Amino acid sequence: MKKISWYFLMAWRDSRRDQSRLLLFIAAIVLGIAALVSTLSFGRNLREDIDDQAKELLGADMVIYSNRPLSKADEMLLDSLPNRHSEECSFASMVYFVRNGQSRLVQVRAIEGDYPYYGELETTPAAADTDFREKQEALVDKTLLLQYGAKPGDSVRIGELSFAIAGSLDKAPGRNEISMTVAPPVYIPLRYMEPAGLLKKGSRVNYQYYYQYLQGDPEQFAQQIAPRLEAVGLHYETIAMRKNRMTNAFQHLTEFMTLISFIALLLGAVGVASSVNIYIREKVSDIAILRCLGLKARQAFLVYLVQVLVVGVLGSVLGAGLGLVLQQLLPGVFKDILPLETRFRVVWPAFFEGIAVGVIVSLLFALLPLLSVRKISPLLTLRVSLEPVRGRDPLRWLVYIVILGFIAFFSYLRMENGRKALVFTVSLLGAFLVLTGIARLFLFLIRRAFPERWPYLWRQGFANLFRPNNQTVILIVTIGLGTTFIGTLFFVQQFLIDQVTTSARGGEGNMVLFDIQPDQVKGIEGLAGQYHLPVKQEIPIVTMRIVEVRGQRGDSVLGQVANGGSHRRGQGFGERMDSNAVGRWVFEQELRVTYRDSLTGSEKLVAGQLGAPVSGPNDPISISLAEDFAKRWNIRVGDPVVFDVQGVRIATVVGSLRKVQWQRLELSFFVVFPRGVLERAPQFDVMITRVNTPEESARFQRAIVEKFPNVSVIDLQLVLSVLDEVLGKIGDVIRFMAGFCILTGLIVLITSVLISKYQRIRESVLLRTLGATRRQVRIILLLEYFFLGTLAAATGILLSLVFAEALARWSFEAPLMIHWVAVAEIFVAIMGLTMLIGLYNSRGVLNRPPLEVLRRED
Amino acid sequence: MLKIEKVSKTYTAGGRTLTVLDNISFQVGESETVSIVGPSGSGKTTLLGLSAGLDRSSTGTIELNGVSLGALDEDERAVLRNQYVGFIFQNFQLLPTLTALENVMVPLELRGEKHVRARARELLEQVGLGDRLHHYPAQLSGGEQQRVSLARAFANRPRILFADEPTGNLDTETSELVAGMIFDLNRQAGTTLVLVTHNLDLAASTGRIIKLGKGHIVSDETSLREVPSDKKKTL
């Protein structure tokens with residue numbers, strides 16, 4: 001057994017002239033490690049930030065939520081709680097900007113008390129937070145002010161009252177940019193809600209009661225009163241619950257980021273394996289000499305393993321250092337998603353984990369080509385024509401298994417779920433095999449179909465992809481996978497926008513007016529007539545609650561929940577229930593129900609028959625449920641269901657199930673009653689019309705807000721712009737992470753070009769010696785990168801279209817519309833980038849004098 | 001020292017079997033110098049490779065220093081080479097990333113010897129490269145590279161030296177110089193020498209010439225010529 005130091009000495013000697021090249025190989029994993037360290041550190045910092053800022057996120061020690069006005073008993077219960085409290089009512093309403101006459105749907109938050117108790121409503125000017133509570137003033141979301149050109153001191157009208165704008169709302173506890181975009185908030189004092197006439201029949205209001213618990217442990221207090229709250233169907237949240245909820249939510253986000261980083265690292269590692277393979281092939285004669293001089297196979301293997309180990313450690317340390325820099329960018333990338341301040345702290349465990357993973361991954365992947373060192377025959381010193389490495393090596397399979405095992409182990413560490421880790425590993429293997437398969441298939445087909453009559457420059461450029469030791473397949477895979485991520489994201493985003501826009505094509509409605517009271521229907525119809533707008537649909541809506549299903553009474557189910565019975569509190573999506581138990585949510589929710597005798601375009605009957613109109617008091621009332629609603633809450637056709645329609649009990653039977661396309665811009669309902677039952681119940685209307693231009697929309701909205709201030713309006717333009725902005729913000733995060741894969745691919749491309757540079761110089765010199773001009777050589781190189789970029793982009797786009805189509809079909813149940821212009825844009829971008837980087841790194845190839853190279857050949 | 005008995009070597013390529021050596025037998029005694037000559041494709045280099053344990057014969061037995069090579073695996077043969085065998089190649093086969101001194105040190109380091117630097121330095125001085133110790137192969141001329149190779153071959157005090165066309169890549173003057181050195185060092189160390197060459201003059205400098213043709217021994221004769229003494233002095 002030789003001393004370890006000898007292997008290091010020999011590795012140092014052997015790599016003397018190649019150290020910069022070895023570092024170049026390892027550059028492929030630097031970015032992956034940087035991404036890994038930054039996301040691991042960011043995740044850990046985020047958890048700590050959530051811990052530190054949980055109070056500010058909730059703004060109070062406990063919040064009690066209700067989606068209905070409190071009953072006398074509820075009020076007595078809340079009043080009995082011995083703490084400071086504030087109250088908030090939030091609901092959607094139109095706000096009218098008096099200065100420019102424009103209006104928009106916003107989230108009005110009417111508050112009373114000193115909420116938030118922790119953290120603050122950040123406003124400009126700072127005093128606006130206190131000022132607006134004392135006067136008839138409003139705090140308006142800063143983006144809204146910018147969009148509508150309003151400023152503090154201007155007026156806004158909400159309902160029947162005007163409010164002076166006290167200031168702009170810059171930040172509110174627990175709210176992120178996306179939630180502010182979807183529902184921009186306007187705060188007003190609660191005492192003006194009634195005079196503003198905003199709350200009419202059917203208005204959907206959320207009530208929140210914020211408590212600051214000054215004596216003792218708030219969590220203990222929450223546990224004590226929880227059964228009483230649950231018994232009356234009130235929800236609550238404490239700081240610990242918010243902390244858990246946020247930690248869980250962001251854990252998924254950071255898990256996703258870490259796994260993408262890991263994929264980028266693995267792609268880089270595949271690049272390393274490919275580069276090490278070339279390196280070893282070039283070292284074959286040196287290894288044969290050493291073997292001739294008496295070096296054993298295992299010793300030769302160790303000499304090269306040490307080289308890879310050293311550069312692996314160096315590359316990993318470099319990557320981890322870069323990760324610390326990158327970590328500082330992440331809060332900026334995630335600022336729209338995060339509802340809290342994130343602070344930069346170096347997380348040493350993440351730093352060292354990144355280094356360890358980097359070293360292990362680079363070693364494991366490099367082992368594949370390194371194993372061949374053991375097989376190099378000393379006979380090569382005498383016969384250069386000998387095949388350098390002969391025979392199959394069963395150890396390669398062992399390495400493949402260890403690599404897969406490590407991927408599964410790492411993903412298990414991140415996700416703490418064996419099944420998910422297995423799915424991730426198998427999917428990754430599958431994606432890699434598919435990408436490799438497609439890349440090889442493309443190469444095979446093009447090689448066979450390539451026209452022999454094409455000009456020489458084209459043929460030579462294409463043939464260059466197949467030069468000895470080429471890395472064509474690995475380049476297609478790495479750049480292709482990055483393209484797949486970005487392409488899939490883009491196509492799905494486009495698909496969602498298409499879903500909204502197409503639903504309004506062909507003369508269908510594109511503006512929804514809701515909260516219309518029965519006495520306002522005629523007036524609004526008349527107003528629409530004045531503006532020459534058609535009334536496409538008028539939908540009556542009645543609010544009600546379910547009180548009994550299959551003999552199970554809502555009050556007893558909620559009571560059982562309060563006492564920890566079988567209808568557990570967390571019973572929700574995907575959780576197991578007793579086969580006969582009905583989900584508790586069914587009894588808690590206030591439902592909005594319509595009545596009609598036909599299906600809409602977005603519905604399909606999947607079981608039973610739609611209920612016939614009811615003409616007499618003894619006729620059975622056959623209702624129709626949305627299929628997914630019924631399945632989720634365990635209600636079946638034939639089940640008796642009793643509703644409480646604002647104090648009146650109505651017994652019904654589930655007569656049919658409908659499959660509903662919820663993603664269409666139409667009003668869809670969980671429950672549909674037959675005609676003849678609800679016509680006389682207290683109700684409100686929703687009206688759908690169609691506007692043709694944004695100007696027409698603005699004029700009509702202004703008229704509605706002026707004459708019917710309680711009526712809210714959503715137009716398609718608003719939905720589209722919000723959707724676009726939200727998807728854009730989420731997309732930024734995904735694009736940022738996918739960028740690591742693309743960049744890794746490009747680094748592999750750079751290393752590949754630089755590794756084969758001497759070979760390219762030789763080819764260029766030979767061609768120039770034979771009479772080719774520099775321009776012709778440059779065209780050949782350009783064509784080589786053109787083919788490479790084309791293949792990588794085509795592979796990535798093909799896979800992303802398959803993924804997007806699968807998502808569209810299975811998740812959204814609608815066919816994908818392919819935007820060929822967008823496809824072409826992605827294609828050109830990826831191909832162009834590949835050509836640019838390839839050509840830039842080959843610039844030295846053309847400048848070498850032929851004689852210099854030919855002499856070197858001697 | 002070297003015993004070859006009924007050795008054949010066949011290769012299979014493209015479904016065809018090619019016999020490169022066919023039933024070869026001969027012995028080389030201790031301190032004996034032998035040339036193997038013959039036209040291209042006669043099997044000279046294959047015979048050298050088999051004799052030095054770089055490859056396995058298809059049939060027959062080869063004994064090197066009393067050890068049957070057929071019974072050894074590749075790693076055991078590597079140890080044997082390191083202990084008893086020296087090599088000189090036509091294209092020098094120096095490690096390009098190692099200096100002249102380091103190239104000579106490697107076989108000694110592999111044996112785990114001490115004071116390897118001093119021994120390597122001494123050998124390089126002996127071949128006239130005392131001032132080129134820290135030069136890389138690319139910085140040396142062909143003749144100088146072959147002298148480094150020579151120093152390396154003698155570094156581990158081999159019992160047998162295999163030389164494959166040692167002057168094949170050198171001009172006439174340098175060839176004579178290097179050949180003189182080979183014989184001189186060989187004589188001083190009492191090493192057995194097996195030399196593969198096209199050069200009949202060089203072959204004539206060995207004590208025995210085995211002539212190969214189409215995989216068979218055509219002749220096995222004693223040579224009486226010696227290396228001229230004036231060339232020895234140029235060391």
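**Chat about the interface of chains A and B**

Visitor: Where in chain B is confidence lowest, and where is it highest?
Guide: In this predicted model, the low point of chain B is helix α8 (residues 229–233) with a mean pLDDT of 40, and the high point is strand β3 (residues 33–37) at 93. pLDDT is the predictor's confidence in each residue, from 0 to 100; helices (H or I, at least four residues) and strands (E, at least two) are DSSP runs, numbered from the N terminus.

Visitor: What is the average for chain B?
Guide: Chain B averages 87, and 95% of the residues score at least 70.

Visitor: Which residues stay under 50?
Guide: Residues 226–235 of chain B do. Where pLDDT is low, the predicted coordinates should not be read in detail.

Visitor: Switching topic, how many residues of each chain are in contact?
Guide: 28 of chain A with 35 of chain B, contact being heavy atoms within 4.5 Å.

Visitor: Which three residues of chain A bury the most area there?
Guide: Arg13(A), Leu293(A) and Leu382(A) supply 24% of what chain A buries against chain B. Buried area is the accessible area (1.4 Å probe) that two parts lose on being put together, summed over both.

Visitor: What does Arg13(A) pair with in a salt bridge?
Guide: Its side chain meets that of Glu102(B), at 3.7 Å, N to O. The rule asks for a side-chain nitrogen of Lys or Arg within 4 Å of a carboxyl oxygen of Asp or Glu, and the count between the two chains is five.

Visitor: What should I know about conventions?
Guide: Residues are numbered from 1 along each chain as its sequence is written, with chains lettered from A and ligands numbered from 1 in the order written. Local features need pLDDT of at least 70, side-chain atom pairs count only at 80 or more, totals for chains, interfaces and linings use all residues, and side-chain values use heavy atoms, leaving out hydrogens and water.
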